[in-house]
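Please open the model in a viewer and keep the selection panel at hand. The tour proceeds by selections, each followed by a description of what is there.

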Amino acid sequence: MNLPMVAALRSRLEALGSTFTSAIWRLGFASRFLGYLVIHSGTALRRFRLTVAEIYFAGVLSLIIILVSGLFVGMVLALQGYDTLQRFGASESLGVLVALSLVRELGPVVAGLLFASRAGSAITAEIGLMKATEQISAMEMMAVDPIARVVAPRFWGGVLSMPLLAALFSAMGVFGGYLVGVQLIGVDAGAFWSQMQAAVDVRQDILNGVIKSVVFGIAVTWISVFEGYDAVPTAEGVSRATTRTVVTSSLAILALDFVLTALMFTGGNAR
Amino acid sequence: MQQSPIVEIDRISFGYDAARPVLREVSVSIPRGSVVGIMGQSGCGKTTLLRIIAAAYLPSAGTATVLGRATSGLERDDLYAMRRKMGMLFQFGALFTDLSVYENVAFPLREHARLPEDMLRDLVMMKLQAVGLRGAADLMPTELSGGMARRVALARSIALDPQLILYDEPFTGLDPISFGVIVRLIRSLNDSLGATSVIVTHDVQEALGVVDYVYFMAAGRVIAQGRPDEVRKSSEPFVDQFVNGRPDGPVPFHYPAPDYGADLELAAA
């Protein structure tokens, strides 16, 4: 083999290795950041007003997109579900299909994706711009720890908001399913609600859905605050960090959803 | 007996990476109660030196002693205790954009002192009165001009009555009136608070009117120093170049670079 080819191959391998090691290094850095953030969460919890402001920012201001999306997802589920179920004469199970799909999967996952796009990107941009305009440095110079004062309230605000948003998404979805299934198509209302009540299990379905939304809330908010704090303090750097937040959060939600679903719903139910 | 200097920088070196040192063997001594200027062209390391004094960066060699403590090896709590005695004015103010002028000035007081609301209000209004902006207390930072924002930031940096006030390019982008106001405030606040001020700037003529002593820096070194009247009369080539704004001289026009011909591959042609 000639020498330039060996050198080229080697440099490609080195680039691959460097990408891999820098990703691991960054993950380690983000983990230490999370540890520091949790340890210094005293201010956010003691002065809970700070966290409540962030719940408003991340949670309340996301309500419109979450509620409207939930309604439409529920309505589409009912349309598609009815079309399939009626082929088997099981159209009265529509309520079960809509509720289980939402509570187990679509509620946490779609609410998580919307939360990452709406609130996660805003958190990253805000912290990144505070860094770019030296507000974070100014805080440090005033002997105020920016992780405790700025990052921790945003983290807990996001972590507390996400399960509530997922629950509201599912509730609106069920209502959307009812509107289309019962009011529009004419499925029997009694069957719709009673079958749903009988089939949805509090522990197996609802609790697992809540666990998923809590895990997604932690993942998305962690990624958002870390990307903001780690952003290169320029316009381009903040823009890149915001993009990374949405992409990484979305991939993390989908990957975690697979892992959690595998742990929650196959072990006990498999044959 | 003479008091020890409030800042004692002893032969420090510093670089963001090992290949390119920003500060080399820099020694600076700042006596209590004085207003000291650190001047030099852009990129000479003066802002880095200010951040070393603020213990935002630690020297890679030498010692920086600030307010009686060496900055290297400080624990977080000790570092924050030291910074509570310091105020820093950032180049563009760095006001918190989500808080009003009043809340910006109240911020350090709320974070560090448990004060009744009426006492806090009195303190904030006194600080705003000192910079002439008591009437702007309810405005948001986006509603302020550059000069007003700088004054609010100054009020915020003196909220805790610091012993040491650091100014990072305080005159950049100001109109002549705002400029005059800031110059006057730096001197009057320093004297009324009994504080010590360090001003990093390249606005040499104006700054010479306010400082007691000045250090000139170039390429990461202190290359001249003295009282303003000494500096104005100096025949030192760098001081002459800097004070009179000559493009080439002891400070070269070109940033260090590999040979120009080699860079353009002329030798190979």
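Begin in chain B by selecting I9(B) together with A64(B): I9(B) stands opposite A64(B), which belongs to β4(B). This is a predicted model.

**The antiparallel sheet of chain B**

Extend the selection to the whole of strand β1 (residues 7–17) of chain B and to β4(B); the two pair in the antiparallel sense through five bridges. Next, add β2(B), which runs antiparallel to β1(B) and is joined to β1(B) by seven bridges. Here D17(B) may be picked out, with R20(B) of β2(B) standing opposite.

Return to β4(B) and move on to strand β5 (residues 69–70) of chain B. Two bridges pair β4(B) with β5(B), again in the antiparallel sense, and V66(B) stands opposite R69(B) in β5(B). These two strands form a hairpin with two residues between them. Select L67(B) in the turn, where phi is positive at about 50°. As background, most residues other than glycine have a negative phi.

Now display the four strands together. They form an open sheet in the order β2-β1-β4-β5 (chain B), with antiparallel pairing. Which strands stand at the edges? They are β2 (20–30) and β5 of chain B; each has a single partner strand, so one side of each is left without a neighbour in the sheet.

**The mixed sheet of chain B**

Hide the previous selection and show the six strands β6-β7-β8-β3-β9-β10 (chain B), given here in their order within an open sheet of mixed pairing. The edge positions belong to β6 (86–89) and β10 (221–226) of chain B, each of which has a single partner strand, so one side of each lacks a neighbour in the sheet. Direction ignored, neighbouring strands of this sheet are turned by 20° against each other on average.

Within this sheet, select strand β3 (residues 35–40) and strand β8 (residues 196–201) of chain B. They run parallel and are joined by five bridges. One position to label is I38(B), whose bridge partner in β8(B) is V200(B).

Then select A218(B), located in strand β9 (residues 213–218) of chain B. Is A218(B) buried or exposed? A218(B) counts as buried, with 21 C-beta neighbours inside 10 Å. A distance may be drawn from A218(B) to T196(B): these residues are 22 apart along the chain, and their C-alpha atoms are separated by 24 Å.

**Two alanines in loops of chain B**

Select A55(B), in the loop between α1 (46–53) and β4 (61–66) of chain B. A55(B) has a positive phi of about 60° although it is not a glycine. A55(B) is also buried, with 23 other C-beta atoms within 10 Å.

Follow this with A94(B), in the loop between β6 and α3 (101–112) of chain B. Phi of A94(B) is near 55°, a positive value in a residue other than glycine. A94(B) is buried, with 25 other C-beta atoms within 10 Å.

**Where the chains touch**

Show both chains and select the contact. It takes nine residues from chain A and eleven residues from chain B. On the side of chain A that touches chain B, five residues are nonpolar, three polar and one charged.

**Chain A and a helix pair**

Finally, isolate chain A, which has ten helices and zero strands. Its pattern along the sequence is α-α-α-α-α-α-α-α-α-α. Taken along the principal axes, the C-alpha atoms of chain A fill a box of roughly 65 × 65 × 35 Å. Chain A has 271 residues, of which 43% count as buried. Among contacts in chain A between residues at least 6 apart in sequence, 86% join residues at least 24 apart.

Within chain A, select helix α5 (residues 94–132) and helix α9 (residues 202–230). How do their axes lie? The axes of α5(A) and α9(A) come within 8 Å and cross at roughly 15°; the two helices are therefore roughly parallel to each other. The crossing of α5(A) and α9(A) is right-handed. By class, the contact of α5(A) with α9(A) has 14 nonpolar, ten polar and five charged residues.

Definitions and conventions. Residues are numbered from 1 along each chain as its sequence is written. Chains are lettered from A and ligands numbered from 1 in the order in which they are written. This is a predicted model: local features need pLDDT of at least 70, side-chain atom pairs count only at pLDDT 80 or more; totals for chains, interfaces and linings use all residues. Two residues are in contact if their C-beta atoms, placed from the backbone, lie within 7 Å. Ala, Val, Leu, Ile, Met, Phe, Trp, Tyr, Cys and Pro count as nonpolar, Asp, Glu, Lys and Arg as charged, and the others, Gly among them, as polar. Axes are lines fitted to C-alpha atoms, for helices over the stretch in contact, and angles run from 0 to 180 degrees between N-to-C directions. Angles under 35 degrees count as roughly parallel, over 145 as roughly antiparallel, 65 to 115 as roughly perpendicular and the rest as oblique. A crossing is left-handed if the near helix is turned anticlockwise from the far one by less than a right angle, and right-handed if clockwise. A residue is buried if 20 or more other C-beta atoms lie within 10 Å of its own, exposed if 12 or fewer, and partly exposed in between; C-beta atoms are placed from the backbone. Two strands pair if DSSP finds at least two bridges between them.
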